[in-house]
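The two exercises below ask for a reading of a ligand site and of a nonpolar core, each followed by a solution in steps.

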Amino acid sequence: MKSRILYALPALLFAAFVAYGLLPSPQAGGLHAASPVPVDTTKKGAQIKIAEDSYDFHDIEQGTKAEHIFLISNVGTDTLVITSTRPSCGCTAAVLDAKENKIPPGATSRLKVTFDANNKPEGPIQKSVTITSNSKENADAMVRIQGRVVKSKLAHKTMMHLDGIFQGDCAKCHVDKGKGELGARLFEADCAICHGSKADDKPGPELASEAMLKHTPKQWEHIIADGIPNSAMPAFHIRNKGPLSDEEIASLVEYMGAFKKEAERNNMLKSTTGSTSTGSAANKTTAKR
Ligand code: HEC
Ligand code: HEC
């Protein structure tokens, strides 16, 4: 039990250092000296000790990075040399504040493990990092992280206002992916986020729906450029502080026109193959909302 307290102390100090960005640089060894861990002199050699070797992030939002710092101490009598840190796929690991990954007897270093939940499917994750060292015991030590990747719409716990949707942090989901793209790829990046093709609880109608395709190219241009007032459809034109130029908007209109033609052609094909439905393109592609 005594050791628990002794380990908690460096952890607190590290937390404070991290929080204030005050990692001592004038005396790089100072960090080690400031928070010694008891060395077991009965054991010759280096000895790795990990204060808490597993961490649960609980919910990790898609598109974010989850980070945790593990504390790795050397409770042996010789310098602990970490020769490798091997994460299982999907995360990265880095030893901090240890020169050449060497931890002197009685010292502690931090191991930062990062899990990038960008483009990861929803569901539970369980990852580990193997820490190989010259430790007498536990030469292949392990730390584990776990959690659950959840939909990015947790970014929108409350119904969001359109204000600022193209600025700051909002831009990383709502603008950045579409930079440099045109046509179909631009639609995929900037529009499908709200007009997804999946029946995925999206705020806008899907592209293949009558609501989207009934308009003329001029109307599309106007809707995209100026948005739809009092709805979640933003105004995309630069003149409205949006991210898109005339050319980019024209490429979307062209793509939607081609998509509409394709949809109509498919419907015509269907109706000539003896389908009882005489439905027009419109009512055949009406989206379930
Ligand atoms: C992590 C990615 C992400 C970030 C960051 C983000 N959004 Fe979104 N936003 C989405 C997704 C995905 C949708 C589509 C709706 C859904 O799937 O929940 C969406 C939809 C919307 C909508 C449509 C209506 C709604 O609430 O569903 C508005 C308005 C909106 N975002 C505004 C913003 C604003 C303002 C910000 C910045 C404060 C922002 N978003 C930041 C991903 C993001
Ligand atoms: C933040 C979410 C969001 C984004 C991003 C978004 N839309 Fe929309 N859009 C909507 C919503 C919601 C509606 C339905 C508005 C209404 O009429 O209530 C809509 C309506 C539309 C309509 C008219 C459909 C109708 O019902 O008449 C078109 C066309 C359209 N969007 C095209 C686009 C295009 C093209 C893009 C990409 C440049 C885009 N939208 C991006 C949310 C969004």
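A polar contact is a pair of N or O atoms within 3.5 Å; within protein, one must be able to donate a hydrogen and the other to accept it, and residues adjacent in sequence count only if both atoms are side-chain atoms. This is a predicted model, in which local features need pLDDT of at least 70 and side-chain atom pairs count only at pLDDT 80 or more, while totals for chains, interfaces and linings use all residues. Residues are numbered from 1 along each chain as its sequence is written, chains are lettered from A and ligands numbered from 1 in the order in which they are written, and side-chain values use heavy atoms, with hydrogens and water left out.

**Exercise 1.** Find which side chains and which backbone offer polar atoms to ligand 2.

Step 1. A nitrogen atom of ligand 2 lies 2.7 Å from an N or O atom in the side chain of His 195.

Step 2. For an oxygen atom of ligand 2, the distance is 2.7 Å to an N or O atom in the side chain of His 215, and an oxygen atom of the ligand is 3.5 Å from a polar backbone atom of Ala 211.

**Exercise 2.** Identify the residues with the most contacts inside the largest nonpolar core, and the element that gives the most to it.

Step 1. This core (buried Ala, Val, Leu, Ile, Met, Phe, Trp, Tyr and Cys residues joined through side-chain atoms within 4.5 Å, buried being under 20% relative accessible area with a 1.4 Å probe, protein chains only) has 26 residues, and Ile 72, Leu 111, Val 113, Phe 115, Ile 131 and Val 143 have the most contacts inside it.

Step 2. Strand S9 (140-150) is among the elements giving two or more residues, strands being DSSP runs of E with at least two residues, numbered from the N terminus, and S9 gives the most, with 4 residues.

Conventions: Buried < 20%, exposed > 50% of the residue type's maximum accessible area, 1.4 Å probe, protein only.
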